[in-house]
Amino acid sequence: PHSIMSKIIVPTDFTPVSEVAIRYACEIATYTKSEVHLLHIVHEDDGMKEAHAQLTEQANRHRNAGVNIDVIAKEGSIFEDIPAIAESHGAELIIMGTHGLRGMQFLVGSNALRIVSETKVPMIIVQEGTQLSAKVTKVLAPLDLHKETKQKLRFAADVAERFHAEVHLISPKESDEFLNNRLERNVSYSEGYMEERKVKYVTHVTGSGEGAFVKDLLQYAKDNSIDLICILN
């Protein structure tokens, strides 16, 4: 398998959703033999000592997973410093918990969305209260009218290889013939890539058009017990 996720950064604000993200990261790390680095950003330097103490306490609660856990406390901005620290530490993955919001930002929440936009490191967003295990068996990769890049498909295939998982390539229904042809080319390219990587995959066209695609994706994920949704930002 391709080498991925040898170092995982987990931003934490010491809330219960952070505990969910750390638990998930530790489960991922047991499969990928990764190091986990807990990161807390403080607004003022005089909070550094307390932050280190809280980070150490939080790390100790998860050390029974048998994973190497380190802690990082830094003064600054979560939007600038989480991406910068992840990249400077050579992290292959950021795992972040979110409280979520309604509407378009439901999946990731406003803070996580800004961090996703600022970093080149792939992110896994873990929803508050999720009971899902990090044993990934099914990865959903949405396909739309944008040309699918190999970067997105590569990450989905890397995860599938590592976990012996199945990739679900999902596309919307498109009535316009020209647009439908473009969509079919994207799907065909994606199928060819998965076959080239020898990754097991399923292709599915949703019942609605692109306007209801997000709703259809979430329903499909629920109906098919999807473990991870891969979105290209």
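Helices here are DSSP runs of H or I with at least four residues, and they are numbered from the N terminus. The structure in these views is a predicted model.

**Figure 1. Overview of the protein, with 7 helices and 9 strands.** Of its 233 residues, 46% are buried. Among contacts between residues at least 6 apart in sequence, 80% link residues at least 24 apart. The accessible surface is about 12,200 Å², and carbon and sulfur atoms account for 50% of that area.

**Figure 2. Helix α2, residues 48-62, and its two faces.** At 1.5 Å a residue, the 15 residues of α2 should span 21 Å, and the end C-alpha atoms are 21 Å apart, so the two values agree. Met48, Ala51, Leu55, Gln58, Ala59 and His62 are the buried residues of α2. Seen down the helix axis, these buried residues fall within an arc of 100 degrees and therefore line one face of α2. An α-helix has 3.6 residues a turn, so residues three or four places apart point the same way. Lys49 and Glu50 are exposed, on the face of α2 turned away from the buried side. The cover over the buried residues of α2 includes α1 (16-32), β2 (35-42) and β3 (69-75).

**Figure 3. An open sheet of 4 strands in the order β8-β7-β6-β9.** The pairing in this sheet is parallel. β8 (201-205) and β9 (228-229) are the edge strands, each paired on one side only. β9 pairs with β6 (residues 138-142) in the parallel sense, over 2 bridges. Leu140 stands opposite Ile229 of β9.

**Figure 4. Helix α6 across strands β7 and β8.** α6 covers residues 177-196, and β7 covers residues 166-171. The helix runs at about 175 degrees to β7.

**Figure 5. Helix α7, residues 213-223, and the strands that cover its buried side.** The buried residues of α7 are Phe213, Asp216, Leu217, Tyr220 and Ala221. Seen down the axis of α7, they fall within an arc of 135 degrees, so they line one face of the helix. What covers them includes β6, β7, β8 and β9, the four strands of the open sheet in Figure 3. On the other side of α7, the exposed residues are Lys215, Lys222 and Asp223.

**Figure 6. Ser225, which follows helix α7.** The phi angle of Ser225 is positive, near 55 degrees.

How values were computed: Residues numbered from 1 in each chain as written. Predicted model: local features only at pLDDT ≥ 70, side-chain atom pairs only at ≥ 80, totals over all residues. Heavy atoms only, no water. Buried < 20%, exposed > 50% of the residue type's maximum accessible area, 1.4 Å probe, protein only. Contact = heavy atoms within 4.5 Å. Areas by Shrake-Rupley, 256 points an atom, 1.4 Å probe, with all protein chains shown as cover. Expected span 1.5 Å × (residues − 1). Arc of directions from axis to C-beta. Pairing = 2+ DSSP bridges. Axes fitted to C-alpha atoms, helices over the stretch in contact; angles between N-to-C directions.
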